[in-house]
Each structure stands twice: as structure tokens, then as C-alpha cells.
Amino acid sequence: METLGHLAHGFSVAFTPVNLMWCLLGTTLGTAIGVLPGLGPALTIALLLPITYQVAPEASFILFAGIYYGAMYGGSTTSILLNTPGESATIVTALEGNRMARSGRGGAALATSAIGSFVAGTLGTLGVAFLAPVVVKFALSFGPAEYFSLMVLAFITVSAVLGSSSVRGLTSLFVGFVIGMIGVDLQTGQPRFTFGMSQLLDGVDVIVVAVGLFAVGETFYMASRRYAGKDEIVPLKGSLYMTAAEWARSWKAWLRGALLGFPIGALPAGGAEIPTFLSYAIEKKLSKHKEEFGTVGAIEGVAGPEAANNASAAGVLVPMLTLGLPTSATAAIMLSAFQSYGINPGPMLFMTQANLVWGLIASLFIANIILVILNLPLIGLWVRLLKIPAPQLYAGILVFATVGTYGISQSPIDLVILYLLGGAGFLMRRFDFPTAPVIIGMILWPLAETQFRRAMTISNGDWSVFYKHPLSLTLLTLAFIGLIGPHIYAFIERRRTRGPEHVPGDA
Amino acid sequence: MSTSDQQAAQPRLAVPELLIGIGLLACAGAVAWQTLSIPVSPLYSKVGPTVFPYITMVGMTILSLLLIVAALRGGWQPEEEKETPTDWKAMGIVAVGLVANLVLIQPLGFTAASVVMFVLICHGFGSRHPLRDVLLGLILALAAYFGFARALGVNIGAGFIENQLNTVVDSIIRMLRG
């Protein structure tokens with residue numbers, strides 16, 4: 001059991017007082033930003049990227065991982081008490097959780113989501129510890145052609161397969177490509193997409209893009225919707241201790257959610273939406289209390305999706321660490337943190353940076369324990385955060401957005417780009433374009449280009465490397481099916497049902 | 001997305017979506033212009049710096065055309081969004097706050113500019129307690145400034161307020177060290 005040895009070593013890294021402090025700081029901050037609507041882990045980690053110039057990689061990744069996990073816990077609190085999902089992954093939790101809170105069982109809903117998150121988060125982290133070395137062994141045989149094809153597959157899955165529209169998802173992705181290419185081409189030294197501006201030679205920082213899309217865009221969006229009506233905070237009622245019946249109804253849902261969430265998260269497709277929705281559907285089908293779904297709120301409908309959400313968050317770390325393949329905005333920003341240290345995530349990471357990787361994985365176990373404590377006995381503290389009024393909350397977010405952006409190079413040009421991206425972020429939010437593909441595209445496109453060039457250099461400019469290698473061909477075929485398949489399926493369905501009516505939103 | 005259904009759908013033009021499509025097409029045009037202006041050395045023939053820009057250009061063009069087609073066929077706005085009127089005034093005030101920050105941050109420094117922005121954004125969101133907002137904004141901006149500038153070592157534009165406070169903080173630190 002090689003993994004257990006590594007894990008033991010990882011715990012020796014994570015259990016140093018300094019690293020425990022980073023873990024505590026990260027989980028606390030993560031819970032807070034998860035609770036606050038309008039702030040997410042991607043934005044927070046982006047704002048904290050400058051920390052990578054100050055502290056050791058172990059410390060900053062333990063901090064970031066704490067934020068990442070913490071946001072998942074905190075997001076469910078907001079979903080349950082406010083019915084405004086704090087995170088896209090907790091939309092489903094709001095369905096039943098908020099109904100439970102309204103019928104006076106908010107305490108039980110919070111308890112099942114926190115304990116479920118703990119169970120699934122721990123199982124998911126175990127999954128990372130045991131699956132990652134397997135993927136690493138497999139990935140060592142990858143050449144540049146395979147990496148390129150794998151990235152193509154990830155591009156398609158994160159933009160075209162998940163989400164409401166493949167055209168809009170791909171549009172977001174290509175906008176990310178354009179942003180990612182701004183600056184000097186590292187291989188030939190040619191400036192690209194700089195419009196003759198010297199300030200753009202270094203490229204656009206991922207901080208500016210993340211903050212612009214997530215903070216400024218969100219602020220505009222919330223300002224524009226003051227007529228939309230507000231969700232009321234449901235006062236926290238009911239004991240935080242679950243009854244025996246509630247335990248009995250929860251634990252199977254936790255396990256099923258975790259088993260569903262982790263593998264889907266670990267696929268190079270990622271995304272927590274699919275496993276949470278699947279888990280909800282399964283729990284609804286299996287429940288003996290179907291009448292509670294959609295009425296007073298069913299506890300299984302909170303327990304399952306919450307577990308699925310946390311397990312898939314852990315799963316996303318597998319392709320990120322082993323292949324350097326981020327499949328969520330947060331993972332993409334973590335990847336840029338690796339780049340800032342000059343570390344390339346990928347199979348070699350587990351050999352060259354064993355301290356970092358295993359310390360990080362061990363800290364995830366600790367983070368889960370801290371989080372369940374932070375989110376159950378201390379829940380009252382987080383509920384108070386929900387009472388921060390929107391004007392001051394969003395104004396404050398923008399103060400921090402300015403710090404993060406202006407701090408990069410004290411250039412007002414960065415602020416101009418930030419605000420333009422904020423305007424774009426508003427339009428994307430308003431017109432239902434996903435934002436995560438922009439971040440993933442801008443980080444991953446230059447890496448894909450590097451792998452492509454490497455493959456072409458090795459093959460002496462022969463394009464056939466991409467389809468003559470069986471693995472590469474398989475990945476490209478999967479990507480093609482992902483792109484075309486859903487449309488063919490929809491076409492056949494429509495033919496069969498002969499329902500020619502136009503559905504808005506199928507673009 | 002099948003074209004065979006086209007005659008059955010009631011074509012009603014969606015103006016905002018059409019503008020987005022046209023805007024993206026313009027972006028594709030800008031990408032094309034910038035791609036064509038990348039100088040390619042004839043010595044470097046294998047995979048030059050223009051291959052990926054060309055792929056991006058083609059992709060952007062196709063996607064913006066698909067979006068324009070979707071806009072011509074009724075758009076894709078979610079119903080819920082369509083029914084909520086946009087509060088242009090609130091957005092305008094927020095935008096003014098951002099521009100004020102942009103203009104003031106160099107002459108006045110980060111803290112002063114942030115306070116102005118903070119108050120304007122609060123006003124845009126409907127807060128009617130400007131004095132309280134000034135105070136809150138000041139506390140928050142100073143916390144952000146000292147958190148990032150001193151703890152993280154990020155250099156943020158210092159103005160009058162920051163310089164005064166930095167002197168004070170430095171002298172306190174010196175005093176504590178004896």
C-alpha cells in the first residue's frame with residue numbers, strides 16, 4: 001500500500017502548526033465566501049494569487065484547497081436559508097433545503113448537508129488519494145499528441161456538453177481562447193492580439209479576468225435586477241441534531257451521492273451540476289417519502305445532492321493534479337497558481353513535488369474535519385453573514401476587486417480591462433452564457449498550443465500523429481461525439497415526437 | 001438546431017441577442033485583423049504563431065453566425081430574465097462609481113478613490129446613508145490596503161492617506177521594537 005505511506009508523509013507535512021493555521025484560515029474564509037452570495041471560490045482564490053509570491057507552495061495550496069472545500073459547505077447554508085444558491089453546485093440543495101427551512105426543519109437540513117458534505121468530502125478525498133497514483137501511471141505514457149487531444153476533449157465537455165447551450169458554451173470558450181493568446185507568443189517571441197499596446201505584451205492576468213467576470217459582472221447584474229424581488233432569509237428553526245429517522249433517511253443518500261459525484265467529477269469533464277441533478281433524481285425515485293418532495297422538503301433531496309457536490313469537488317482535483325487539466329474555473333485558477341511557482345501539474349508532479357501533493361491531499365482530510373465543526377456548532381455565525389445588506393456587500397466586493405487588480409502592476413489599463421470584462425460578465429450572466437469556460441479556455445489554450453507544437457515538432461509536421469496514435473484518436477472521437485451527439489439525439493427525438501415547435505434557448 | 005424546423009417556428013427577431021451576435025462577429029473581425037498582422041518568419045514553417053489564432057478566428061466567426069441565426073429565430077433569453085425590467089439607473093450609478101475610481105486612483109491614491117467608489121455603488125444599490133457609507137468604505141479600504149499592501153506585499157497606489165498612515169504604522173513598529 002504505497003498510497004498509505006505517501007498519505008502518512010502528507011499528514012506529517014499538513015500537521016505542522018503553520019500549515020494547520022493555513023488550513024483553518026482557508027476553511028474559515030471559504031465558508032464565509034461560500035455563504036455570501038456573489039462571492040465564490042474562483043474569485044477568492046484569484047484575489048489571493050499574490051500570496052504565491054510570499055509563501056511556500058504547500059502553504060498556499062493548503063489555503064486554496066481550504067477555500068475550495070469551504071465554499072462548498074458555505075454555499076449550502078445560503079441555499080437552505082436564503083433559497084439563493086451561493087454556488088452553482090448548490091442549486092439543487094436549494095430545491096428541498098429551502099422548503100425544509102420554511103417548514104421549520106432548517107436545522108436538520110443544515111445538519112444533513114454538513115455531515116453529508118463531510119462524509120462525501122472524506123470519501124472523495126480518499127478517492128483522490130487512491131485514484132491519482134493510478135491515473136499518474138497511466139498518464140506517464142501520454143505524449144504531446146495525447147495531451148493535446150485530451151485538452152480538446154476537456155474543451156468540448158466543459159463548454160458544449162454541460163450547460164444549457166453548446167453554442168453559447170463554445171462562444172465563452174473561444175472568448176477565453178482570445179484572451180489567453182493576448183501577449184507574446186513564448187515560442188517565437190511574436191506579440192499577438194496586443195493591438196499595438198505595450199501594456200498587453202505580458203498578456204491579461206487571470207486575476208483581472210476572474211475578478212472582472214465574477215465580481216464586477218455580478219455587481220452589475222445584481223444592480224440591474226433590483227426589481228426582481230428579494231429572497232427572504234428563513235430564520236433558523238429546529239434542532240441541529242437529526243432524529244434517528246432523519247439519520248436513517250440520510251446516510252444512504254450520502255453514500256449514493258458520493259459514489260455518483262466523485263467519478264463524474266474525476267472525469268475530464270468535471271462540473272458539479274450533473275451529479276447533483278442526477279443524485280436528486282435518484283433520491284426522489286428511491287424515497288419512501290415522495291410526498292415530501294416539492295412540498296415540505298425531503299431530507300434525502302438535500303443529503304444526496306450535497307454529498308454529490310462535495311465528492312465531485314474532490315474528483316475535479318484528480319485531472320487537475322495528475323494531468324494538469326482543470327475542468328472548473330476554480331481548478332483553472334489553481335493551475336495558474338502552480339504556474340506562478342513554476343510548477344507544472346501533471347504526472348511528474350507526484351514525483352517531483354511529493355511533499356506538496358500529499359501534504360495537500362492530507363490537508364483536505366483535515367479541512368473536512370474543521371469544516372464540519374465550523375458549519376455545525378458555529379452555524380449561527382454564518383447566518384449572521386447573510387444579513388450583510390446588499391449595497392455594502394457589493395461595494396465592498398469591488399473595493400477588494402480594485403486591490404486585486406490594481407495591485408498587479410498599478411496600471412489603470414488593468415482597471416479599464418477589468419471594467420470592460422465586468423460589462424461582458426454582466427451580458428453573459430444576463431444572456432445565459434456560462435463564465436467558467438472563459439477562465440478554462442484562457443488558461444488551457446496556451447498549454448494546448450504548446451502540446452500541439454511539441455507533437456508537430458516530434459512528428460516533423462505530420463498531422464497524422466493526432467489520429468494514428470490510438471489513444472489520441474479515441475480522445476478526439478469522444479470529443480467529436482460530445483460535440484455532435486447531443487444535437488443528433490435532439491434531432492432524432494424531435495423527429496420521433498414530431499413536435500416541430502421552436503424552443504427558445506436551443507441555440 | 002435542425003434547419004428542417006425553420007418554417008414551423010414563428011420568426012421574431014430578438015434585438016438584444018442580435019446585437020450580441022453582431023458584437024461577437026465584430027470581435028471575430030478584430031481577431032482576424034490581429035491574426036493577419038502577426039509577422040511570420042519564413043524560416044519558421046512548422047507550427048508558427050498564427051495556427052491557433054486562425055483556429056480561434058474561424059471558431060469565433062462560425063459561433064457568432066450561429067448566434068445571429070438564433071437571434072433571428074427568436075433569441076434565447078430565459079423567460080424570467082425577460083420579465084424583469086433592467087434597472088438602468090442603478091447600473092449607471094455603479095458604472096459612475098467605477099469610472100470615478102479609475103480616474104481618482106492615481107491622483108488621490110487607493111483609499112480615497114475606493115471610498116468614493118464605495119459610496120457611489122452603495123447609492124446605486126439604494127442605500128441612503130452616505131455618511132455611514134463613507135465611514136464603512138474608509139474602514140474597508142484601509143483594511144484592504146493594509147491587508148494586501150503590508151501583509152501580502154502587493155504594491156497598491158499610495159496617496160496622501162496611505163502615506164500618513166504608513167508613517168504612523170512604521171513609527172509604532174519602531175517604537176515596539178524599542
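Which helices do the buried residues of H4(B) pack against? The views below come from a predicted model, and the first one gives the reply.

**View 1. The buried residues of H4(B) meet helices of both chains.** From chain A come helix H9 (206-224), helix H17 (390-409) and helix H18 (412-430). From chain B comes H5. The buried residues of H4(B) are B:Ala90, B:Met91, B:Val94, B:Gly97, B:Leu98, B:Asn101 and B:Ile105.

**View 2. H4(B) has a kink of about 25°.** The kink is centred on B:Leu102. H4(B) has 21 residues, so at 1.5 Å a residue it should span 30 Å. Its end C-alpha atoms are 29 Å apart, which agrees. After H4(B) comes B:Gly109. The phi of B:Gly109 is positive, near 95°.

**View 3. H1(B) keeps its buried residues on the same side.** Those residues are B:Glu17, B:Ile20, B:Gly21, B:Leu24, B:Ala28, B:Val31, B:Gln34 and B:Thr35. They cover an arc of only 135° around the axis, so they sit on the same side of the helix. An α-helix has 3.6 residues a turn, so residues three or four places apart point the same way. The face turned away from the buried side of H1(B) carries exposed residues: B:Val15, B:Ala26, B:Trp33 and B:Leu36. Among the elements that cover the buried residues of H1(B) are helix H8 (166-181), strand S2 (191-192) and H18 of chain A. H2 of chain B also helps to cover them. H1(B) has 22 residues and reaches 31 Å from its first C-alpha to its last. That is close to the 32 Å expected at 1.5 Å a residue.

**View 4. Chain B touches chain A through several helices.** In this contact, 68 residues of chain B meet 64 residues of chain A. On the chain B side, the elements that give two or more residues are helix H1 (15-36), helix H2 (51-72), helix H4 (88-108), helix H5 (110-124) and helix H6 (130-151). H2(B) gives the most, with nine residues. The chain B side divides into 41 nonpolar, 21 polar and six charged residues.

**View 5. UniProt places the feature "transmembrane region" on chain B.** The UniProt entry is unreviewed, and it puts the feature at residues 18-39, 51-72, 92-122 and 134-161. In the model, residues 18-39 of chain B are 86% helix and 0% strand. The end C-alpha atoms of residues 18-39 lie 34 Å apart. Residues 92-122 of chain B are 97% helix and 0% strand. Here the end C-alpha atoms lie 12 Å apart.

**View 6. Two loop residues of chain A have a positive phi without being glycine.** Most residues other than glycine have a negative phi. A:Phe195 has a phi of about 50°. A:Phe195 is found in the loop between S2 and H9 of chain A. Is A:Phe195 buried or exposed? A:Phe195 has 11 C-beta neighbours inside 10 Å, so it counts as exposed. Phi of A:Asp432 is near 60°. A:Asp432 is found in the loop between H18 and helix H19 (436-458) of chain A. A:Asp432 has 16 other C-beta atoms within 10 Å, so it is partly exposed.

**View 7. A:Arg384 lies in helix H16 (residues 379-385) of chain A.** With 10 C-beta neighbours inside 10 Å, A:Arg384 counts as exposed. A:Arg384 and A:Leu7 are 377 residues apart in sequence. In space, A:Arg384 and A:Leu7 are 37 Å apart, C-alpha to C-alpha.

Methods. Residues numbered from 1 in each chain as written. Chains lettered and ligands numbered in written order. Predicted model: local features only at pLDDT ≥ 70, side-chain atom pairs only at ≥ 80, totals over all residues. Contact = placed C-beta atoms within 7 Å. Helix = DSSP H or I, 4+ residues; strand = E, 2+ residues; numbered from the N terminus. Nonpolar A, V, L, I, M, F, W, Y, C, P; charged D, E, K, R; others polar. UniProt positions renumbered as here; feature names shortened; annotations may be inferred. Expected span 1.5 Å × (residues − 1). Bend = angle between axes of the 7 residues up to and from the residue. Buried ≥ 20, exposed ≤ 12 C-beta atoms within 10 Å, placed from the backbone. Arc of directions from axis to C-beta.
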